[in-house]
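Welcome! Below is a short tour of one protein model, for someone meeting it for the very first time. Take a look at the picture, then read on.

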Amino acid sequence: MLTPFDDSYFMKKAYEEAEIAFDKGEIPVGVVVVIKNRIIARGHNLTETLNDVTAHAEMQAITSAAGFLGGKYLKGCTMYVTLEPCQMCAGALYWSQLSRLVFAAKDEHRGYQKFGVQLHPKTEVSQGIMEYECGQLLKRFFIEKRNLN
């Protein structure tokens, strides 16, 4: 049976959140959290808007998803995020016991893998879905940022 609700579908929804961040002048990272093919949380970077270094897209989505579920654990949930999480967000994902993480673009400079941060042992990780598109949005953001300064 074919289903439109695959990794590409949900990563496109995360990409839409990244575009919202881009339009706000935030680093364009977007995320959705899914359980049983239903989006239960959305988020995008809000560090500039909230003047808060912890207001990453993933942190926004973890809080929202936990509120929706009525508990702190994200067991059975998949997070789709347009950029590899940083070590702070990976730590929060570890404690949330997220079942699955899917990210698009690898973050060679600040990604959790570079620092050897571990996710929960039961968290399954997939990467590369829409890597090019998400990477291009990030590149465009930083090129435009440099040209404004």
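## The largest pocket

Sorted by class, the residues lining the largest pocket are 10 nonpolar, six polar and nine charged. Keep in mind as you explore that this is a predicted model. The largest pocket has a volume of about 760 Å³, and 25 residues line it. Nearest its centre lie I27, L83, D107, L138 and F142.

Which helix gives the largest share of the lining? It is helix α5, residues 131-148, with nine residues of the lining of the largest pocket.

## The annotated domain

The UniProt record, an unreviewed entry, carries the annotation "domain: CMP/dCMP-type deaminase" for residues 5-119. Over residues 5-119, the chain is 38% helix and 23% strand. The C-alpha atoms at the two ends of that stretch are 25 Å apart.

## Three residues listed together

Under "binding site", the unreviewed UniProt entry lists H56, C86 and C89. They span 34 residues in sequence, yet no two of their C-alpha atoms are more than 9.2 Å apart, so the three gather at one spot. Of these residues, H56 and C86 belong to the lining of the largest pocket.

H56 sits in the loop between α2 (47-50) and α3. Leaving aside residues up to four places away in sequence, H56 touches N45, T47, C86, M88 and C89. Both listed cysteines are thus among the contacts of H56.

## The cysteines

How many disulfides does a search of the whole structure find? The search finds zero. As a reminder, a disulfide is a covalent bond between the sulfur atoms of two cysteines.

Why is C77 not bonded to another cysteine? Its closest cysteine sulfur, in C89, is 16 Å from the sulfur of C77, which is too far for a bond. C77 is also buried, with a relative accessible area of 0%. C86 is in no disulfide either, and the nearest cysteine sulfur, that of C89, is 3.8 Å away. The cut-off for a disulfide is a pair of sulfur atoms within 2.5 Å. C86 counts as buried because its relative accessibility is 16%, and buried means under 20%.

## A residue on helix α3

Is T63 buried or exposed? T63 is exposed, as its relative accessible area is 58%. This residue is found in helix α3, residues 57-69. T63 and N51 are 12 residues apart in sequence, and their C-alpha atoms are 18 Å apart in space.

Notes:
Residues numbered from 1 in each chain as written. Predicted model: local features only at pLDDT ≥ 70, side-chain atom pairs only at ≥ 80, totals over all residues. Heavy atoms only, no water. Helix = DSSP H or I, 4+ residues; strand = E, 2+ residues; numbered from the N terminus. Buried < 20%, exposed > 50% of the residue type's maximum accessible area, 1.4 Å probe, protein only. UniProt positions renumbered as here; feature names shortened; annotations may be inferred. 1 Å grid on protein atoms, 1.4 Å probe; cavity = no way out; pocket = protein on both sides within 12 Å on 5 of 7 lines; lining within 4 Å. Points joined across faces, edges and corners; volume = space filled by probe spheres on them. Nonpolar A, V, L, I, M, F, W, Y, C, P; charged D, E, K, R; others polar. Contact = heavy atoms within 4.5 Å.
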